[in-house]
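Here are two short exercises to work through with the model open on your screen. Try each task before you read its solution.

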Amino acid sequence: MTDTPSMTASSAPLLEVKGLTKYFPIKGGIFGREVDRLHAVDGVSFNIAAGETLGMVGESGCGKSTTGRCILRLIEPSSGEVHFQGQNVSTMGSDALREVRRDMQIIFQDPYASLNPRMTVEAIIGEALTIHKLTPSPESYRARIVDLLETVGLNADHMKRFPHEFSGGQRQRIGIARALAVSPKLIVCDEPVSALDVSIQAQVINLLEDLQAKMGLTYLFIAHDLSVVEHISNRVAVMYLGRVVEIAPSRQLYTQPKHPYTEALLSAVPIPDPKAKKKRIVLTGDVPNPVNRPSGCHFHPRCPKAMDRCRTEEPVLKLVGDQHQAACHLND
Ligand code: SF4
């Protein structure tokens, strides 16, 4: 776990997300009218400082990937605001958005699906260089691609090959090189290691950490379990049914969680000392349907600590410690 990069009172965060909401209409009836809404992201707010990594975790379907895509406007948010370097991304026209996307890139979960199988590695990485006219000559184009490949642990011999000739870990390295081509400031890492073998996961995470140290990158690092984000994150946000239920500096979240859902996720994280014992909290039931969310605290049907008021009163995300926020009545 790394400490949070210092942010002086005058320095604005690199990314500010305010009340971000994304719902998908459910249509029905003979006129195809909206009959309900699937609340994928429901009023999510957070900041990320330059050079910081914010880990974002939660079970599948909790809205974390949709949040990442809404930040880049790969999916249009229903409401809320995203400010990047002080500019409101949410209201930008297409030209300004194209410019800002040079600074905000994404690495996708599935390195098998995210690379075009008909394109060579050179074409995959070079596409953005050409679109943004970043290399004035064929020589500088080639030199930049070789440089990017070497930066991610590949080499010039790989340029003319196709994605299927690479292992999963290598493909993810190609995806990282593609993201780095435009020298971004922020990278949304959308479950970048979930599809990889455990032995390869650490290599990719180490590479991302090295790149951050060298290039001063800022990450939103999305994962479905807390063990993956533990070492790379300065702070961690835990999401449940479209909402952030806890956000805190990593050390605090891992040692003093203030939300029963975080406690349950933490109880599933393996501990390196085989003699140390930890009681696993097994959550009963599946994540509820985001169309029909439970009343009160959305977590109450699965919460081992639920009280009467949890069924009717919705807890709000509030400060429970230094830079530590949680949404649970137990903290009242
Ligand atoms: Fe559990 Fe109640 Fe806290 Fe929700 S508000 S997490 S149901 S104790």
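**Exercise 1. Work out how the chain is split into domains and describe what lies between them.**

Step 1: Start with the bounds. In this predicted model, the domain assignment gives domain 1 as 15-103 + 184-331 and domain 2 as 114-183. Their centres, taken over C-alpha atoms, sit 30 Å apart.

Step 2: Look at the contacts. With heavy atoms within 4.5 Å as the cut-off, 16 residues of domain 1 touch 13 residues of domain 2.

Step 3: Turn to area. The two domains bury about 1200 Å² between them, and 72% of that is on carbon and sulfur atoms. On the domain 1 side, Arg102, Pro184 and Leu207 supply 43% of the buried area, more than any other three residues.

Step 4: Check the polar side of things. You'll find zero salt bridges across this interface, and one residue pair in polar contact, both at pLDDT 80 or more.

Step 5: See who lines the domain 1 side. Helix α6 (residues 198-215) gives the largest share, seven residues. By type, that side splits into 11 nonpolar, one polar and four charged residues.

**Exercise 2. Trace the sheet and find its edges.**

Step 1: Put the strands in order. Four of them make an open sheet, β2-β1-β4-β5, with antiparallel pairing.

Step 2: Find the ends. β2 (33-48) and β5 (87-88) are the edge strands, each pairing on one side only.

Step 3: Zoom in on one pair. Strand β1 (residues 15-28) is joined to β2 by 12 bridges, and Leu20 stands opposite Val44 in β2.

Terms used
Residues numbered from 1 in each chain as written. Predicted model: local features only at pLDDT ≥ 70, side-chain atom pairs only at ≥ 80, totals over all residues. Heavy atoms only, no water. Domains from an automatic or database assignment. Buried area = accessible area lost by both parts, 1.4 Å probe. Salt bridge = Lys/Arg side-chain N within 4 Å of Asp/Glu carboxyl O. Polar contact = N/O pair within 3.5 Å; in protein donor to acceptor, adjacent residues only side chain to side chain. Helix = DSSP H or I, 4+ residues; strand = E, 2+ residues; numbered from the N terminus. Nonpolar A, V, L, I, M, F, W, Y, C, P; charged D, E, K, R; others polar. Pairing = 2+ DSSP bridges.
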